[in-house]
Every structure is written in structure tokens, then in C-alpha cells.
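User: I would like to go through this structure by asking how each label is earned. Please set each value against its cut-off.

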Amino acid sequence: RRGCLTRDISALDLDLKARHVTTEELLHALGTQLYSSSSESVVSCAQWWDWSCDIGLVVGTFIHGLGNYDGMRKDEELPFLNRMTAYVQYNKVESESYRRFEHAADAAKCVFDKALETMKIKFQQQTTAAVAAVIAANKNSGDSVAKDAYQLETQKMDVDDVISLPRLKDAALDSYRKTLNVSSKSRKKGTSNCSLPLPDATYLDRLLVQIVEKMESCAGLNLVQDSSNVEISSKEGKKETGNESVISRNRLVMRQLKTPTRSASDKSNQVLFAGGLSGSDKRPQDHSSDYFLGAASSDLASISVGADSSRYQRGPNVPLLVTRFALGGILQADDSVIDILARGVKLDRGRAGSDAKQTQQQLPTTGSSANSVTADMTSVAVECKPSGSADGQDSTVSIKKEPDLNHIKTKTDLRASICVTLLQRGFPASGSGDKFSSVGMDLWKECMSNPALSFLATNEPNHFFSMKDAFGCLYQNAEIDWPEHAGLLEDYLRSVLLPHCLGLCLNLAGEQTKLAADQGKSDVYVARPAVEDLCPLPDPFVRLSDHSEQAVSNAYAILRRVRLMKSIRFIVGGGVPLGDLKEFLRGPTMRKQTMGVPVWWCPWIHDLVILVYTAVHGLQSVTSELPRLQQQCVEDHVRGTFVKGANGKNPALPSSFLKRASEEELDAWVKMQAQEFPTPAVIEHRLALMCSQLTMNSSERYDHIPMFDEAMS
């Protein structure tokens, strides 16, 4: 890429100077300046991301322009493709999950296309019938056959004409589960062999700013800020009421429970290079690297624009724009959650907290909008047929009494704590929907007899993480009787909160896009309120449009962890025979998953430990409690494997090192290694991998859908 020679390069324009420097030279020069004393990146937006990707982000921006992340990803001279390709060699299952997701997106587009095709045919039939009716009327023949035929054609509509959530899920899930064709001919033209995407554009925007600031000020890079000491931001002299107070309480509870949330005082929270902020008006196709606003595929982006976009007959809650979160939410949600939204059940989220008596203003709805939330939750729920129902009759099909959830509606802190608990620990076992309530007998005997697992059976219960374990203390702190309200809480979770989480994934991007268009603005991030004025948690009592993209990310994670915890309980409870479980853990699939785990990690020991501990104590406990409890067992394992040798094998450490090191040095090395532990993201990926492989042919099958929420955190 070198240009023509010149005697005085310093006199050239900046862009012309770049023609005399290769990408490799730029990477080397910036790398020396940015990471002269450290070769580790402290940013963990993707498991394959390292310090070279930080440098590549700066160089890629210089070459391809601000926000052009698709161009950077495809540039083979930048480090992204090489890093992703190397990662895929040891994590083929994750790469396959992205390829399967692409097939699911294609299947969803086919559903839209088929519905549009049948509607066009039906429109032609209606036109023909209308012409025949007019001709018959002009002849004054008195024959009503043609008129009846016209009325029949205009009223007739079947399932092929309407795009419903169950139809989308069936098609997408069937395509996702099909065997992949690994041949190069089966791949779309212009796609690479590596299916991994870059992190979300908004994340990369903020990361780029901090990298540049580090280069200018030589300050440490710290994208994930500790917001525990950040005070609640509120406008000085302004009294918060209604949604504003609820949103503030949500943010406070997230900080108290140590859930990562963006600081309201951080100016980099605002998107920097998207839409109008980059000086251009963008279409849905241009948001491909934006996980919140971008469509799941370029083909699905086309259904929200163009002449045919308004001709699709969408059922209740079918989104105008099918984003990654929308399609992933459909794939992960339980059928009961899909059914609630597909029936168009409308519940009043209203105002909550101190302003609970005020009535929330109903926003206008169009086809797929989920923002119409009227009728008191404590009164009735109205179930509607899909929009475009052909029988011309009233859409109400049934009326049923909703449970009294006033104790949740009026206590914002309790509601937020419940949501954060689900987000951190996963969905607990309950009396309904779970086949197993405790660790299987064979596995429990294995824990008691195996020295490496014995700490699990010492003063530890063998019953699964329950509703009382998860929420009992929350109700006690709120001075609410737990036994009396336990059943009501489960009703709230299954019939209100989980459907709301899916509704956010489906409709928030389209809702905020529509509100921006109503204001005459093309940029959602500019038109909507500031980030600190939007709710970071999925709260059913806050208007849909008042949630942030972080709420969508959290809602997506909650939906995934509901399925994940259910599959874990199935495996640990005995749904998978112990022999099959141990054989899989000793097999090549888990042995190859070495990224992010310590050198002492042994799949048939430590992956089994995290399976059992997650089922009994919840997800968060694996990283917050387990390292301390198994410290001594891990030290014994490290000393036996690396220093003394185990099972008739020589020590893993070189004999020259063992001979020269003193006992104190070896003990210090053993303790240092034993203190290492995988991150929560690595743990969840390993659990998801095990569940997806072990439950493949079971009723509790877990599908390893890409974790798009991680790329936004």
C-alpha cells in the first residue's frame, strides 16, 4: 500500500503520510506507545479480544472511518480475523452457534416472505371477486352469488396469511437445530469461514474513546467502571415522581447488589458514532454492527423498509424490525411465554412506587407494538386474536381474573431486587415445570466418595436452588410474609416478568425508532431521553419506551438463564445417566475448551463441580462462593498433578524446576495457581456448552444461542 516516493515525508498531508506506512507498521508503532509496559488488555468484551485488538480498533478507525466496524472486521491486515479464527479452532461449538443463528434468521425471513406471497394472492382473489360483484350489480340480475363470493374472499384469512410468534419460533428453531452443512459451497457468497461478530458498536465506540484518551494522557484503560461509589444522579432541585423515581430506584438496587451498570455521570454512555452523530442518516441496513437497533441479518432488515414493509400481516407483538435480541429471545423463550404474547394479553404496568395511583397514558399502537398496556393488572386480562383477523368480529376471546400483585406493584425496590436476583442467580426450581428437585442419587454418592468432590457433600444440602432460597430474604427485608405470597410471586414471574422481558427484546428498538420518527428525527439515540433517565432493568411497571438498551440486554440474559438453569437441573437431577455425563466430560469436546480456565482445570472434576454447585446454589455462587470452598481441594489437586505426580504419572512440572525450587517456593506457586478461577462469562459458556450437548435428545433441550448481551456489557 505504499505510494510514490517523496523526499520530505513530514511535509505531506496526514492522509498522504498514511500511504507511506503499512498497516503492520501502524500496529507496531501504536502498540509500542499504548502498551509499552503491558501486553494484557484489561477489556473483556469477547473472550478472543486481546491488546492487539485494541490497537487494531484505532488503526481500523483511521483506515476505514469512524464506526465502520463491518469494514474493520473484513480487513485481513487487522488482527480481528486472525484472533477470531484462532479462537474458533478451540471453540467450534460457539462458532457453530452463530452459523446456526444465521440459518434461523433466514428461516424467519422465509416466514415473512411466504406470508406476503399468500397475501398478494389473496388480494388478487379479492379484486377478482369485487369485479364480479360490481358486474353482477350493474346487470341487476338479483343474483347474490357473486356478492356472497366477494364477502367470503374479503373475510377469509388463515394462518398462512398472518406472521405469528409461534410460527416464527417453530420455523427459526427447526432451522437452528438442523445439521450444519460444513462445505464451502453451502455458505452465502461474501461470507467468511469465521462466523463470530465484533462486539456491539456502542461498546466499541466507548472503548475507542478511552483508548485514544489513554494514548493522549498515558492513563490506565478501564472501560468497566466501578459505579458502587457513584451517587444517584438526579437533576438538582427537581423532585422525582412516577417513572423517574422508579428508574432511579432500579439503578440504586443494581448498584447495591453489585450488578454492572453504566455510570450516569460518564459522558461516554451516549453513543458517539451512530446515526446523525456521525453526520449521516442511517437506515436499518446501516445498523448491522449495532446489536440494539440492527437487524439479525441484512435480509431481515429489508422487511422494515420499502413498499412491502406495511403489507406484512403481523400478529400481536411480532416486531417491525427483527433484531438479534428479538430473534434470540424468540428462540430462547418458553412456549408459555410465547403464548402469552401471541394471544395479545394486555396488562397495565401503569405507574409504580410512590405514584402507583396515577394512570399511565396509553401510547398509540401499530400492528406489532407492545407498548399498549392498559386495564388494571388486578382486574382483568383481555386476550386478543392476531391483527388482521378475518372474521370481522370482536377480538375478545376470553376474560380471566389476574392474581393480586399489589405488593409487587407498589414496592419498587422489591421488584428491582427480584429482577436482579434472576439476572445474577438464574431462575430457581419451583413446584411446577421441574421434574427434579434435588441432586440425583448416583451423582450424590459420587460426590461423597470422590475426594476431589467431597466438599460438595460436607454440610451442604442436596436440594436444588429454590424460590425460597432466591427470594425469601428479599420478602423478609420488605416485611412481607413469604409463605402467603410465594405462589403469587411465581405467577408474577411466569405471567408478567418473563413475557415483559421477551416483549422488550421484540419491540423496544422498533418503539424507540417510531418515537424518533414521530419527532422528525432519524437518530434514535438523539431523539430518546438521556441514558440516566431510562430504566436499566426490565420493569413491567415502567413504560416500554422508557427502557434502555441495557434493559434489553438484561432481559435477554434472564430469558437465557431460565432455560439454562432448567437444563442444569435436568442433568444434575438424573436426567442424564452418571456414566454418560462422566464420559462426555472426559471426551474431546470439553478437553479442547481451555480458553479462560486455569492450567489445573480438569473437566471431569471441575466442570462437574460447577454443574452441581450451580444447581444447588445458583449461577452467581459459582464465582462468589465456590473458589473459597474448594481452595484446599484445588491446592491438593495442583500439588498432586504438578509437583508430586498422581495416578502413577510423573509431575507435570519439569524435573529441573522441581529440583531447584525450595519447598516454600513450591508452596507459594501452588497457592498462587489455586487462587486462579474462571470469570463468570467463561463459567456460563462452559455450562451452556455442557447443557447443549448433554440435553440434545431430551425434553429439556438447551440450545446454545449466541450470548449477544455479553457484547454490550
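Analyst: Let us start with H704, which sits in the segment after helix 29 (680-694). Keep in mind that this is a predicted model.

User: Why is H704 called buried?

Analyst: The relative accessible area of H704 is 9%. Buried means under 20%, so H704 qualifies.

User: What does H704 touch, leaving out residues up to four places away in sequence?

Analyst: H704 touches V93, S97, Y176, H685, A688, L689 and S692. Contact here means heavy atoms within 4.5 Å.

User: Y176 is on that list. How far is Y176 from R99, in sequence and in space?

Analyst: They are 77 residues apart in sequence and 8.7 Å apart in space, C-alpha to C-alpha. R99 belongs to helix 6 (residues 92-139).

User: Is R99 buried or exposed, and what makes it so?

Analyst: Buried. R99 has a relative accessible area of 11%, and the limit for buried is under 20%.

User: K109 also lies in helix 6. Why is K109 called buried?

Analyst: The value for K109 is 13% relative accessible area. That meets the under 20% criterion, so K109 counts as buried. K109 touches D299, L300, S302 and I303, with residues up to four places away in sequence not counted.

User: Now the aromatic rings. How many aromatic pairs does a search of the whole structure find?

Analyst: The search finds 13 aromatic pairs.

User: Why is the pair of W49 and F80 called tilted?

Analyst: Take the distance, then the angle. The ring centres of W49 and F80 are 5.7 Å apart, and rings pair if their centres lie within 6.5 Å. The planes of the two rings are at 35 degrees. Stacked needs under 30 degrees and edge-to-face over 60, so W49 and F80 form a tilted pair.

User: What makes this a link between distant parts of the chain?

Analyst: W49 is in the loop between helix 2 (23-34) and helix 3 (51-64), while F80 is in helix 5 (residues 80-90). They are 31 residues apart.

User: How do you know that W49 and F80 are buried?

Analyst: W49 has a relative accessible area of 6%. F80 has 1%. Both values meet the under 20% limit, so both residues are buried.

User: Why is the pair of F325 and Y556 called edge-to-face?

Analyst: The angle between the planes of F325 and Y556 is 75 degrees. Edge-to-face starts over 60 degrees, so the name follows. The rings lie 5.2 Å centre to centre. F325 is in helix 12 and Y556 in helix 20 (residues 549-575), 231 residues apart. F325 and Y556 are both buried.

User: Which residues do ring pairs link into a cluster?

Analyst: Y98, F101, Y291, F325, Y556 and F708.

User: How do helix 12 and helix 18 pack?

Analyst: The axes of helix 12 (residues 324-332) and helix 18 (residues 482-518) come within 7 Å. They cross at roughly 145 degrees, and the crossing is left-handed. F325, A326, G329 and I330 in helix 12 meet L502, C505 and L506 in helix 18. That contact has six nonpolar residues, one polar and no charged.

User: Which residues have the most contacts inside the largest nonpolar core?

Analyst: W48, F80, L327, F471, L489 and L493. The core has 178 residues, and its largest share, 15 residues, comes from helix 18.

User: What makes the phi of N317 notable?

Analyst: Phi of N317 is near 70 degrees, a positive value in a residue other than glycine. Most residues other than glycine have a negative phi. N317 lies in the loop between helix 11 (298-301) and helix 12. At 8% relative accessible area, N317 is buried.

User: E479 also has a positive phi. Is E479 buried or exposed, and how do you know?

Analyst: Exposed. E479 has 76% relative accessibility, and exposed means over 50%. E479 is in the loop between helix 17 (467-477) and helix 18, and its phi is about 60 degrees.

User: Finally, how many helices and strands are there, and what share of the residues counts as buried?

Analyst: The protein has 29 helices and two strands. Of its 713 residues, 52% count as buried.

Note on methods. Residues are numbered from 1 along each chain as its sequence is written. This is a predicted model: local features need pLDDT of at least 70, side-chain atom pairs count only at pLDDT 80 or more; totals for chains, interfaces and linings use all residues. Side-chain values use heavy atoms; hydrogens and water are left out. Axes are lines fitted to C-alpha atoms, for helices over the stretch in contact, and angles run from 0 to 180 degrees between N-to-C directions. Helices (H or I, at least four residues) and strands (E, at least two) are DSSP runs, numbered from the N terminus. A crossing is left-handed if the near helix is turned anticlockwise from the far one by less than a right angle, and right-handed if clockwise. Ala, Val, Leu, Ile, Met, Phe, Trp, Tyr, Cys and Pro count as nonpolar, Asp, Glu, Lys and Arg as charged, and the others, Gly among them, as polar. Rings of Phe, Tyr and Trp (its six-membered ring) pair if their centres lie within 6.5 Å; planes under 30 degrees apart count as stacked, over 60 as edge-to-face and the rest as tilted. Buried means under 20% relative accessible area, exposed over 50%, partly exposed in between (1.4 Å probe, protein chains only). A nonpolar core is a set of buried Ala, Val, Leu, Ile, Met, Phe, Trp, Tyr and Cys residues joined through side-chain atoms within 4.5 Å.
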